[in-house]
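Me: I would like to go through the reasoning behind several labels applied to this model. Please set each value against its criterion.

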Amino acid sequence: MKNLKIDYKKEDNNFIISAYLDNIVKGEMSVKELPWDTGLLGFKCIRITGIYFKENNFDYEIAKQMVSYLLASDIIGFNLIMFRFPSIQMKLGQNLESLGFYQVENLLTFKFTLSEPIRPAFDALSGVTICLLNREDEKEINSVCEIAANEFKYSRYHMDPHIPFDKAANLKAQWTRNSCLGRATAVFVARYNSNIVGFILCNILTKCDSLISVIDLIGVDSRFANQGIGKALVGYLLTFSKEKGARYCLAGTQSHNLGSIRMYLKSGFMLDASELTFHYYKDNNQ
């Protein structure tokens, strides 16, 4: 594109890549370094947090040029780029694929309005009880983290062929441990014969001056799958969120995780959004 100039600036921990046409800013792309992911995966990770155009007039060609600039320049070193955007922008995905990106997930977000009745889990396994995690009990935290490490296989980390499965599992376990130690608003666990067989992480956040609830992560021991434990955990979280004054609850899962999709639909959630996650990997040793 003639007269298109691309430059960047650093603001705090973000890099802002700007596209100018005839010296007028036409679009911007923000990029953020990910030190936590980098430390656990063992290679440099960054995220494209958004591409913006004035008046929402999205220009796919300029967006492609800004991404190309990031790939070709040395303004920020990386091994892995992560980028998530609305599924409706399929042309953006096609442009990214032409640059060497690859899709790792289709993330579906479901929404439950907390003014609606909460559906009880009548089919939960007899003998299962739900309660808050004892955050002072290291053994309990270890049990939850073990489920997180062993029972996830659909996340964008697990679906990326450049990320070893053990590192993806460790990342989920460490994320869960941090949540148990205080990052999450609440952690509910399912017990069977005194053993923890499932968990759910809840975050209560403020959005547009209203409280909302987010299911950050939910996991059930595979030996107890399909016995209503996940739905029971969701029910407890919804009740807790409603008592805290949240207006609605959001939950995300991958499009190929059919079990989770069925659980959310049976619990009364409705599909709210669909996003695509793309990765770009560069091996600096080659």
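Me: Why is Asp12 called exposed?

Reply: In this predicted model, Asp12 has a relative accessible area of 73%. The label exposed requires a value over 50%, so Asp12 qualifies. Asp12 is placed in the loop between strand S1 (4-11) and strand S2 (14-21).

Me: What is notable about the phi of Asp12?

Reply: Asp12 is not a glycine, although its phi is positive, at about 55 degrees.

Me: Which label, buried or exposed, fits Asn193, and why?

Reply: The relative accessible area of Asn193 is 58%. The cut-off for exposed is over 50%, and Asn193 is therefore exposed. Asn193 is found in the loop between strand S8 (186-192) and strand S9 (195-207). Its phi is positive as well, at about 50 degrees, although Asn193 is not a glycine.

Me: How do you know that Cys145 is in no bond with Cys180?

Reply: The closest cysteine sulfur to that of Cys145 belongs to Cys180, 5.2 Å away. A disulfide needs the two sulfur atoms within 2.5 Å, so this pair is too far apart for a bond. The structure holds 0 disulfides. Cys131 is likewise in no disulfide, and its nearest cysteine sulfur, that of Cys180, is 12 Å away.

Me: What makes Cys145 buried and Cys131 partly exposed?

Reply: Cys145 has 7% relative accessibility; buried means under 20%, so Cys145 counts as buried. Cys131 has a relative accessible area of 27%. Partly exposed covers values between the 20% and 50% cut-offs, and Cys131 is therefore partly exposed.

Me: Which residues touch the most other members of the largest nonpolar core?

Reply: They are Ile215, Leu233, Val234, Tyr264 and Phe269, in a core of 31 residues. Membership requires that a residue be buried and joined through side-chain atoms within 4.5 Å. At least two core residues come from each of several elements, including strand S6 (102-113), strand S10 (210-220), helix H6 (229-243) and helix H7 (258-266). The largest share, 7 residues, comes from H6.

Me: Which residues are in contact with Val234, leaving aside its neighbours within four places in sequence?

Reply: Val234 is in contact with Ile200, Ile215, Ile218, Met263, Tyr264, Ser267 and Phe269. Contact here means heavy atoms within 4.5 Å. Another core, of 30 residues, lies apart from the largest one and has Ile6, Ile17, Ile76 and Phe101 among its members.

Terms used:
Residues numbered from 1 in each chain as written. Predicted model: local features only at pLDDT ≥ 70, side-chain atom pairs only at ≥ 80, totals over all residues. Heavy atoms only, no water. Buried < 20%, exposed > 50% of the residue type's maximum accessible area, 1.4 Å probe, protein only. Helix = DSSP H or I, 4+ residues; strand = E, 2+ residues; numbered from the N terminus.
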